[in-house]
Amino acid sequence: MPAAILPALRDHLAGFVDDNPEALVFTTPSGKPIWRGNLNKVIGWPAAVNKLGVPGLHFHDLRHSGNTFAARTGASTRELMARMGHDSSEAALIYQHATAEADRAIAQAVSDAVKAERKKARKAAGGKVEEAGQAEARRPGRRDGRRSGPARLVARGWPDA
């Protein structure tokens, strides 16, 4: 369970739940179980989502959001399956959305790994390893007049490594 929600859960347990280890954590005002058919009414879901400005949000969407956040941490499909109680990898893959944010994070991680390997190679060679693109920078250009190498990548909007 994420540590960030523990204070709210402790407050709820202290204020609304009996000390009995068999006690339900969330109930109707009369102490009966909440079930699918009475959830929206018991917790005032429609009013809450309207107040938040997200009408149409379903309670199950919270599970989807939480599982998507878990997937963004880099958890493996097997770890997500265990966390969500899924038996199939297909179910867990639903939460592993490809996003531009994730794509940038992956690219940054690969870039960091490449830089670390280059640094190790330079150190092992006594600092005499040429960086990628240095030889390209010394050449005057391609015969057909087009840009090549790092300058071409930057021209396409890719960051200059």
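# Confidence, an aromatic pair and a nonpolar core

User: Which helix has the lowest mean pLDDT, and which the highest?

Analyst: In this predicted model, helix α8 (residues 134–138) has the lowest mean pLDDT among the elements of the protein chain, at 50, and helix α3 (residues 45–52) has the highest, at 94; pLDDT is the predictor's confidence in each residue, from 0 to 100. Helices are DSSP runs of H or I with at least four residues, strands are E runs of at least two, and both are numbered from the N terminus.

User: And what does the protein chain average?

Analyst: The protein chain averages a pLDDT of 80, with 76% of the residues scoring at least 70. Because the model is predicted, local features need pLDDT of at least 70 and side-chain atom pairs count only at 80 or more, while totals for chains, interfaces and linings use all residues. Residues are numbered from 1 along each chain as its sequence is written, and side-chain values use heavy atoms, leaving out hydrogens and water.

User: How many aromatic pairs are there in the whole structure?

Analyst: A search finds 1 aromatic pair, where rings of Phe, Tyr and Trp (its six-membered ring) pair if their centres lie within 6.5 Å, and planes under 30 degrees apart count as stacked, over 60 as edge-to-face and the rest as tilted. The ring centres of Trp45 and Phe59 are 5.3 Å apart and their planes stand at 80 degrees, so this pair is edge-to-face.

User: Why does the pair tie parts together?

Analyst: Trp45 lies in helix α3 and Phe59 in helix α4 (residues 59–72), so the pair ties together parts that are 14 residues apart in sequence.

User: Is Trp45 buried or exposed?

Analyst: Trp45 counts as buried at 12% relative accessibility, whereas Phe59 is partly exposed at 40%; buried means under 20% relative accessible area, exposed over 50% and partly exposed in between, with a 1.4 Å probe and protein chains only.

User: Switching topic, which residues make up the largest nonpolar core?

Analyst: That core has 8 residues, namely Ala70, Ala71, Ala75, Leu80, Met81, Met84, Ala92 and Tyr95, a nonpolar core being a set of buried Ala, Val, Leu, Ile, Met, Phe, Trp, Tyr and Cys residues joined through side-chain atoms within 4.5 Å. Helices α4 and α5 (77–84) are the elements that give two or more residues to this core, and α5 gives the most, with 3 residues.

User: Where is Gly66 found?

Analyst: Gly66 is in helix α4 and is partly exposed, with a relative accessible area of 32%. The C-alpha atoms of Gly66 and Met84 are separated by 9.8 Å, with the two residues 18 apart along the chain.
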